[in-house]
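Subject: Structure for your review

Dear colleague,

Please find below the structure that I am handing over to you. My notes on it follow directly after.

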Amino acid sequence: VPQIIHQSKPDLIFLDYQMPGGTGAVILERIRMIHSSINTPVIVLSGVPLYEIKANIREGPLVRIMFKPIDFALVTRSIAELLGLRLIPPGLRQPAPKIQSSPATPKYDPDDPDLGSGGQTIIDLDAEP
């Protein structure tokens, strides 16, 4: 985890509370020891009871705790708040331009950096190495 954080310097981290490599509390502690990630906002997702999480992780200005099943509206508002973004109400949004796809358009391939997520980097810290 520390090496990935050093290399990518994420703007925001989603962290599952229960992972094979340790609890989210342990991973969050390791993340906070990395100087470049001290001020990185973290959203902890969990299906574990609140009392267990609060015993190990304290919410604060840079940490939000959310429960599964995920409330995507809450996640969106939290991301905007943590990153200092302004949400545009649906009625005021400009319609997205229509993109015409052709059979020659390459499909998304997570292993091909040229066909990635359009400049956004999402790292799955829960993935097996």
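Which residues does Ser46 touch, not counting residues up to four places away in sequence? They are Asp16, Tyr17, Ile53, Met66, Phe67 and Lys68. Please note that this is a predicted model, and that the values below are to be read accordingly.

**Ser46 and its surroundings**

Ser46 belongs to strand E4, which covers residues 42–46. Its relative accessible area is 1%; Ser46 is therefore buried, the limit being under 20%. A polar atom of the Ser46 side chain lies 2.7 Å from the backbone nitrogen of Val48.

**Salt bridges**

Two of the residues that Ser46 touches, Asp16 and Lys68, also form a salt bridge with each other, in which the closest N and O atoms are 3.1 Å apart. Asp16 is located in strand E1 (residues 13–16), whereas Lys68 is in the loop between strand E5 (63–67) and helix H4 (72–83), so this pair ties together parts that are 52 residues apart in sequence. Lys68 is partly exposed, at a relative accessible area of 41%, and Asp16 is likewise partly exposed, at 22% relative accessibility.

How many salt bridges does the structure hold? There are two. The other joins the side chains of Arg64 and Glu81, with an N to O distance of 2.2 Å. Because Arg64 lies in strand E5 and Glu81 in helix H4, this salt bridge ties together parts that are 17 residues apart in sequence. Is each partner buried or exposed? Arg64 counts as buried, at 16% relative accessibility, whereas Glu81 is exposed, with a relative accessible area of 52%. As general background, side chains of opposite charge can pair when their charged atoms come close.

**Strands E4 and E5**

The strand that holds Ser46, E4, runs parallel to E5 and is joined to E5 by five bridges. Within this pairing, Val63 in E5 is the bridge partner of Val42. Between the two strands, the chain passes from E4 through helix H3 (residues 50–56) to E5, and this β-α-β crossover is right-handed. Strand E5 itself is mostly covered, with four of its five residues buried.

In viewing the model, I would suggest beginning at Ser46 in strand E4, then turning to the salt bridge between Lys68 and Asp16, and finally to that between Arg64 and Glu81.

With kind regards

Terms used
Residues are numbered from 1 along each chain as its sequence is written. This is a predicted model: local features need pLDDT of at least 70, side-chain atom pairs count only at pLDDT 80 or more; totals for chains, interfaces and linings use all residues. Side-chain values use heavy atoms; hydrogens and water are left out. Buried means under 20% relative accessible area, exposed over 50%, partly exposed in between (1.4 Å probe, protein chains only). A polar contact is a pair of N or O atoms within 3.5 Å; within protein, one must be able to donate a hydrogen and the other to accept it, and residues adjacent in sequence count only if both atoms are side-chain atoms. Contact means heavy atoms within 4.5 Å. A salt bridge is a side-chain nitrogen of Lys or Arg within 4 Å of a carboxyl oxygen of Asp or Glu. Two strands pair if DSSP finds at least two bridges between them. A crossover is right-handed if, with the strands pointing away from the viewer, the path from the first strand over the helix to the second runs clockwise.
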